[in-house]
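Here are a few short exercises to work through with the structure open beside you. Try each one before reading its solution.

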Amino acid sequence: MARKIDIADLTGKLAVVTGASDGIGRVIAARLAGAGAEVIMPVRNSSKGERAAEQIRNSVSGATVSTRVLDLSSLESVAALSDQMNSEGRPIHILVNNAGVMQPPHRQVTDDGVELQFGTNHLGHFALTLGLLPLLRKGSARVTHQTSIAALTGGINWDDINWERSYNVGKAYSQSKIAVALFARELDARSAQEGWGITSNIAHPGVSPTNLLAAQPGLGRSKDTVGRRVVVALSRVGITGSVESAALPAVLAAAGARSGGDEFYGPTRVIGGPPAKRSLWKSMKSMDDARRLWELSEARL
């Protein structure tokens with residue numbers, strides 16, 4: 001049974017959710033559709049995305065769900081989707097930047113030469129959000145950014161942000177998820193300063209058996225990692241969250257009846273539990289870092 005959380009009536013609202021072709025993203029999309037929103041799911045794999053959309057339509061009465069093509073590891077693809085949606089001109093009321101990649105077995109780069117985790121998890125979403133900014137402003141949108149417990153430790157590798165000199169896959173992943181949170185905070189600050197009418201906040205899912213560490217031949221991973229097998233076992237006995245429960249912090253952040261900007265939502269036990277507003281982690285607190293990251297990211301577009 002789906003856990004009840006206090007979210008707003010989204011009838012007549014348009015929501016965009018990245019990474020919704022499976023896992024947490026699909027649950028987020030379904031919960032927003034269940035609250036009345038029309039949901040657009042930008043996906044890299046069109047057939048997989050359409051199967052997910054059909055599953056949501058079958059499980060949520062009256063759901064209006066569609067897909068668009070998006071590869072966050074390609075700034076050209078991000079620009080194409082932004083141009084398409086801006087030409088349609090529809091205000092966007094909710095954007096959930098949920099998609100991500102995690103710990104490929106060796107250093108890889110995006111189409112634009114950026115380390116894959118930073119380029120996909122942060123820079124792709126940064127470009128998408130700025131590309132959709134006119135529509136987000138029209139919709140007085142809430143933008144929710146999905147970080148990770150990996151952001152509890154580590155920092156931004158300012159001297160080698162592209163990890164060209166000494167690559168550490170775990171630290172690079174943490175950097176990408178810290179960047180997600182810092183971007184969320186700076187977006188909210190700039191909106192308040194410039195009068196954009198957008199609110200921006202952060203969510204993290206805790207630990208759950210998603211496909212981030214599953215076999216992904218496209219990333220060079222031929223089988224599930226040991227970590228994923230452990231998480232699956234822990235989820236079965238209720239120590240960590242399920243995919244369904246892990247989606248709820250982002251749903252609450254994006255559509256909670258009392259949720260606001262520059263807030264952070266996650267499970268009450270860090271790795272699992274009911275969703276609630278949480279205190280910012282140390283890695284997310286520096287607005288100097290947030291501004292510096294924005295400027296660095298903007299220069300890479």
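**Exercise 1. Find which residues outside its own stretch of sequence Arg68 touches, and decide whether Arg68 is buried or exposed.**

Solution. Keep in mind that this is a predicted model.

Step 1: set aside the neighbours within four places in sequence; Arg68 is then in contact with Ile40, Met41, Pro42, Val43, Leu81, Gln84 and Glu88.

Step 2: place the residue. Arg68 is found in strand β3, which covers residues 65–69.

Step 3: check the accessible area. Arg68 has a relative accessible area of 16%, and the cut-off for buried is under 20%, so Arg68 counts as buried.

Step 4: look for polar partners. The side chain of Arg68 makes a polar contact of 3.3 Å with the side chain of Ser66, and another of 3.4 Å with the side chain of Glu88. Glu88 also appears in the list of contacts from step 1.

**Exercise 2. Compare the expected span of helix α1 with the distance between its end C-alpha atoms, then work out how enclosed the helix is.**

Solution.

Step 1: helix α1 runs over residues 23–34, twelve residues, and at 1.5 Å a residue should span 16 Å.

Step 2: the end C-alpha atoms of α1 are 17 Å apart, which agrees.

Step 3: ten of the twelve residues are buried, so α1 is largely enclosed by the rest of the structure. The buried ones are Gly23, Ile24, Gly25, Val27, Ile28, Ala29, Ala30, Arg31, Leu32 and Ala33.

Step 4: look just past the helix, where Gly36 takes a positive phi of about 110°.

**Exercise 3. Describe how helix α6 packs with α4 and with α10.**

Solution.

Step 1: recall that two packed helices are described by the angle between their axes and the distance between the axes.

Step 2: take α4 (residues 116–131) and α6 (residues 169–194). Their axes come within 7 Å and cross at roughly 20°. That makes α4 roughly parallel to α6, since angles under 35 degrees count that way. The residues of this contact divide into nine nonpolar, seven polar and one charged; Phe118 and Phe126 of α4 are among them, as are Val180 and Phe183 of α6.

Step 3: turn to α10 (residues 287–300). The axes of α6 and α10 are 8 Å apart, at an angle of about 95°, which makes the two helices roughly perpendicular.

Step 4: sort this second contact by class: nine nonpolar, no polar and six charged residues. Participants include Arg185 and Glu186 of α6, and Asp289 and Trp294 of α10.

Definitions and conventions. Residues are numbered from 1 along each chain as its sequence is written. This is a predicted model: local features need pLDDT of at least 70, side-chain atom pairs count only at pLDDT 80 or more; totals for chains, interfaces and linings use all residues. Side-chain values use heavy atoms; hydrogens and water are left out. Axes are lines fitted to C-alpha atoms, for helices over the stretch in contact, and angles run from 0 to 180 degrees between N-to-C directions. Helices (H or I, at least four residues) and strands (E, at least two) are DSSP runs, numbered from the N terminus. Angles under 35 degrees count as roughly parallel, over 145 as roughly antiparallel, 65 to 115 as roughly perpendicular and the rest as oblique. Contact means heavy atoms within 4.5 Å. Ala, Val, Leu, Ile, Met, Phe, Trp, Tyr, Cys and Pro count as nonpolar, Asp, Glu, Lys and Arg as charged, and the others, Gly among them, as polar. Buried means under 20% relative accessible area, exposed over 50%, partly exposed in between (1.4 Å probe, protein chains only). A polar contact is a pair of N or O atoms within 3.5 Å; within protein, one must be able to donate a hydrogen and the other to accept it, and residues adjacent in sequence count only if both atoms are side-chain atoms. The expected span of a helix is 1.5 Å times one less than its number of residues.
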